[in-house]
Amino acid sequence: MTDEIWRKPFQQFINHMEDSERLTRLTYQGIHGVVALVEIGEVLAEGREVNPGSSISGEELQRLSSTEITSDFPLLHAHAIMGEWGALECLIEDLVEAWVRFKPEALESPAFSRVKVPLAGFLSMSEGDRMRFLVSEVQRDLKLDLKSGATKFERILDAIGLDGPVDPRVREALYEVQNIRNVWAHRAGIADRRLVEACPNLPFAEGEKVNIGRERYTHYRNSMLAYVVTVLNRCHEVRGFIPVPFDLPEFEGAAGAVNPVIPGQEMPEA
């Protein structure tokens, strides 16, 4: 097996993040452009609709666009966060599967040793299906669906020897990201008691819309990138490769954290 097998999940994650960034930037520019075009069109047309055949008048289009700009694109950021968090979950799961194929000795860890498999069915599976089955069973055994943030990922990475320190800034941000993602995925973006109690530092009250502006969205996006590079550098360390230098605003040095646990600042596991 070549290193390409475990590098592929990282590349897929980066591709998704690049696509997501392009879409958000295009939306920012497009909506700002709509406001400007409508204003110009109304001047030229002396108040008439820019496109008489449209079901939305120029005035309504301008109002909707201005509302998005004023509120700082909350729905756009919510959908971006849901997609990016999903891409992060996919990366970790795919990495575990790939790493086990790359280093079969990882199967000797206690987490995999506890897995019970139906022998006949297991032997009839392809190699890829076997790995997916094993990883799925390990996740079930570790009860990862009850874990949140970095803890959710570190438990499964521990099973293949790729766990390690996580910068507290990254850990806190990931914990918030998952809780916000859950609210948008299951509560239509309305803060519930679970979110308020889990993330008391967030400025949202129960029953309030969890609107994420550009600054907070960028913060969360950067935290996910910092965590992914942290995990990538663990792979590099095992392979004897040079670590990837990586810094983003608010997470300087996070990907190379050595002693991230600060007493009194540990995040809850679930």
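**Exercise 1. Place Asp158 in the fold and classify its exposure.**

Solution. Asp158 has a relative accessible area of 45% and is therefore partly exposed, since that class lies between the buried limit of under 20% and the exposed limit of over 50%. The model used throughout is predicted. Next, locate the residue: Asp158 belongs to helix H7. Finally, look for a contact partner far along the chain. The C-alpha atom of Asp158 is separated by 9.9 Å from that of Val96, although the two positions lie 62 residues apart along the chain.

**Exercise 2. Describe the overall architecture and the main nonpolar core.**

Solution. Start with the secondary structure. The protein chain holds 10 helices and zero strands, and its pattern along the sequence reads α-α-α-α-α-α-α-α-α-α. Of its 270 residues, 42% count as buried.

Then turn to the core. The largest nonpolar core has 70 residues, and Trp6, Leu88 and Tyr227 have the most contacts inside it. Elements giving two or more residues to this core include helix H1 (4-44), helix H3 (74-102), helix H8 (168-186) and H10. The largest contribution comes from H3, with 15 residues.

**Exercise 3. Analyse the salt bridge between Glu84 and Arg221.**

Solution. First, take the distance: the side chains of Glu84 and Arg221 meet in a salt bridge at 2.9 Å, N to O. Second, place the partners. Glu84 is in helix H3 and Arg221 in helix H10, 137 residues apart, so the pair links distant parts of the chain. Third, check the exposure: both Glu84 and Arg221 are buried.

**Exercise 4. Compare the settings of two further salt bridges, Arg114 with Asp141 and Arg193 with Glu197.**

Solution. Begin with Arg114 and Asp141, whose closest N and O atoms are 2.9 Å apart. This pair links distant parts of the chain: Arg114 sits in the loop between H4 and helix H5 (119-124), while Asp141 sits in helix H6, 27 residues apart. Arg114 is partly exposed at 44% relative accessible area, and Asp141 is partly exposed at 38%.

Now take Arg193 and Glu197, which form a salt bridge at 4.0 Å, N to O. Because these residues are four apart in helix H9 (residues 193-198), about one helical turn separates them. Arg193 is exposed, with a relative accessible area of 53%, and Glu197 is exposed as well, at 58%.

To finish, consider shared partners. Glu21, Arg25, Glu84 and Arg221 are joined into one network by salt bridges that share partners. The count for the model comes to 13 salt bridges.

**Exercise 5. Examine two residues with positive phi, Phe73 and Glu250, and state where each lies.**

Solution. Phe73 is not a glycine, yet its phi is positive, about 55 degrees. Phe73 is in the loop between helix H2 (58-71) and H3. With a relative accessible area of 1%, Phe73 is buried.

Glu250, also a residue other than glycine, has a positive phi near 80 degrees. Its place is in the segment after H10, and at 45% relative accessibility Glu250 is partly exposed.

**Exercise 6. Identify the negative surface patch that includes Glu250.**

Solution. The patch is formed by Glu215, Asp247, Glu250 and Glu252. Take Asp247 as one member: it lies in the segment after helix H10 (214-239). The relative accessible area of Asp247 is 51%, so this residue counts as exposed.

Conventions. Residues numbered from 1 in each chain as written. Heavy atoms only, no water. Patch = residues over 30% accessible without salt bridge, like charges linked within 9 Å, V, L, I, M, F, W, Y side chains within 5 Å. Areas by Shrake-Rupley, 256 points an atom, 1.4 Å probe, with all protein chains shown as cover. Lys, Arg positive; Asp, Glu negative; His and termini not counted. Charge placed at Lys NZ, Arg CZ, Asp CG, Glu CD. Buried < 20%, exposed > 50% of the residue type's maximum accessible area, 1.4 Å probe, protein only. Core = buried A, V, L, I, M, F, W, Y, C linked by side-chain atoms within 4.5 Å.
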